[in-house]
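Colleague: I would like a close look at the salt bridges in this structure, taken one pair at a time, with some word on where each partner sits and on how far the model can be trusted. Please go on afterwards to whatever surroundings can be described with care.

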Amino acid sequence: MHKKKNTSPKIYVQIRKMLLLGIVIALGLSLGVSFLLNLIQESRSRDQTLSSAAQVAANTPVLMEDIHHTQATEYIRRTVRNVPSIDVFAVYDKSGAPVAFYDLASGADDPALLTSLSESVMAWFTAGNDTMLYNGEAPSGTDRCAYAAIYSSEGELTGFVMVGIYMRSIQMMVLRMLLFHLLACVVALIAGSLLSLRLSRNIKEELLGYEPDAFRKLFLQRMDILDALDEGLLAIDENKCVTYLNRAASEILQIDQSAALRQPLKAVYPRSSIPRVMRTGLPEYNISLESITHVSVLSDRIPLWHNGKIEGAVAIFRNRTEVTKLAQDLTGVQHIVEALRAYTHEFTNKLHVILGLLQLGDIQHAEAYVLRITETRAQSIGYISDRIQDPSVAALLIGKAYRAAELDILFTLDPASTLHGNGQYLPVTGLITVLGNLIENSFDAMRGAPADVPSEVTVSIREGAHGLLLSVDDTGPGMTEEVKQHIFERGFSTKGDGRGTGLALVQDIIETYNGTIRVESDLGVGTSFIITLTDHT
């Protein structure tokens, strides 16, 4: 488990500052654009409101009937006070002279304060236009004005109306908009600060508390350590692309280290079965890679989980070439020693025979006996060595032949047997384990064979281009169907306690290398174990 390191939080402060700066710039741009658009929209809305107010006032019955009536002045005063978007309201007669007026700011209502309308304004309406926005005739202090013509019920032009808004009203509107945007900016800054703080904390947790430069240094150191390992490491992601390959794996798999990164696994290692653990979700250990022939390799494959989801897999390759060779050498020596022990024991008996013949003075028979047994043993050893190329397996069979002679069992190697000894279908260590256990099992079975039945054990090893066939046959008493169903169970034995592991081990080895094992047994006839192995990856 990694421990978080207490380091200076400089980088995380910088991250927060950069995030805040980015947020401020983004807010400034967005709020500036928003403010400008709102200002334009408000300006259009204000002009529309003024034009509508002027048009509505021009169509008011009290003004259409008589613009000089006292009710007209009262109507003007009431309209300005009640409509928020109007600060000034004025009425002109058809000659352009002011006849009524009210200013909301000063409360003035003397028409004499206004100048007459210009000819250009009146010409605009004489041409048949309804309203106009024009500031040239606006009273002092008015920022924006709208004009409309008043027509009597008979359609005769009787006067004009003017509604206006002061600059202070526009300034208040702009101030309100500005305050709103500033408030939104403050809220956004607070939210951004909280988000940046949370983001920096998440980054800090992802980096295990390390500063990026320290994390980078640590990462590179560990990469160097992984690259220096004798065990090969290969990692793939959820898309089955290579994400890491160390030096040892590159040498074992004979793959270019730099060219393999980010490439599909099938492209760089077509016969790999690493993705299988991503499908099953179960790790696999001590898998022998027979697809790699130049070295002996054991592999572990482990799926990589994150938040309950498989995001890849890692494979560990252990080069066991030297260990396997040593084991084969030691195993061969062991079987040779066993063969010599049995050979010595048997020849001790033969020497006793020779000694007896010499004591009887029958020298001629003694010489013939010595020549016969010497030739027989030489032929037996040569017979096995010619067909079995692997010395360890040959030593095993020679040892078992002498062991059979001790037990008075006829041990035969099928003349059609052949073994190249390259471990294409089953490694030599596995082959020795399988044959050794099956032959010993047959020897044990002979103890229960009827006395009148010849005790024979026949071994056949046939290796071809498409597979390997092994069979061990005996002429023992055979097995019942019930016994056949349990013989591969670990701990099951008909020979007493402490037995029952040999056949279980045989089955484990055959299943590991995708082989099949078949048992044929008849009571009073004998038993045959037939094993078939084909090429596998």
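Modeller: Counting a side-chain nitrogen of Lys or Arg within 4 Å of a carboxyl oxygen of Asp or Glu, the total comes to nine salt bridges. This is a predicted model, and a word on confidence belongs beside that count. The mean pLDDT over the chain is 77, and 74% of the residues score at least 70. Confidence is highest in strand β13 (residues 468-474), at 93, and lowest in helix α11 (residues 321-359), where the mean is 60. Residues 1-9 have a pLDDT below 50, and this stretch makes 14 contacts in the model beyond near neighbours in sequence.

As background to the pairs, side chains of opposite charge can pair when their charged atoms come close. One such pair is arginine 301 with glutamate 284, whose side chains meet at 3.4 Å, N to O. This salt bridge links distant parts of the chain, since arginine 301 belongs to strand β9 (residues 297-306) and glutamate 284 to strand β8 (residues 284-288), 17 residues apart. Both arginine 301 and glutamate 284 are buried. The pair also belongs to a wider arrangement, a network of salt bridges that links Arg276, Glu284 and Arg301.

Another pair is arginine 462 with aspartate 414, with 2.6 Å from N to O. Here too distant parts of the chain are linked: arginine 462 is in strand β12 (residues 456-463), while aspartate 414 is in the loop between β11 (410-413) and α14, 48 residues apart. Arginine 462 counts as partly exposed because its relative accessibility is 39%, whereas aspartate 414, at 14%, counts as buried.

The salt bridge between lysine 484 and glutamate 481, at 3.6 Å from N to O, lies within one helix. Lysine 484 and glutamate 481 are three residues apart in helix α15 (residues 481-484), and therefore about one helical turn separates them. In general, an α-helix has 3.6 residues a turn, so residues three or four places apart point the same way. Lysine 484 is partly exposed, with a relative accessible area of 21%, and glutamate 481 counts as exposed because its relative accessibility is 51%.

Turning to the surroundings, helix α14 (residues 428-446) holds asparagine 437, which counts as partly exposed because its relative accessibility is 25%. Leaving aside neighbours within four places in sequence, asparagine 437 is in contact with Gly502, Leu505 and Val506. The C-alpha atoms of asparagine 437 and alanine 504 are 9.9 Å apart in space, although 67 residues separate the two in sequence.

Alanine 504 is one of the buried residues of helix α16 (residues 502-512), and the others are Gly502, Leu503, Val506, Ile509 and Ile510. The cover over the buried residues of α16 includes α14, together with β14 (516-522) and β15 (526-533). Just after α16, asparagine 514 takes a positive phi of about 60 degrees.

A last detail concerns serine 272, found in the loop between α9 (265-268) and α10 (276-280). Serine 272 is buried because its relative accessible area is 14%, and a polar atom of its side chain lies 3.1 Å from the backbone nitrogen of isoleucine 274.

How values were computed: Residues are numbered from 1 along each chain as its sequence is written. This is a predicted model: local features need pLDDT of at least 70, side-chain atom pairs count only at pLDDT 80 or more; totals for chains, interfaces and linings use all residues. Side-chain values use heavy atoms; hydrogens and water are left out. Helices (H or I, at least four residues) and strands (E, at least two) are DSSP runs, numbered from the N terminus. Buried means under 20% relative accessible area, exposed over 50%, partly exposed in between (1.4 Å probe, protein chains only). Contact means heavy atoms within 4.5 Å. pLDDT is the predictor's confidence in each residue, from 0 to 100. A polar contact is a pair of N or O atoms within 3.5 Å; within protein, one must be able to donate a hydrogen and the other to accept it, and residues adjacent in sequence count only if both atoms are side-chain atoms.
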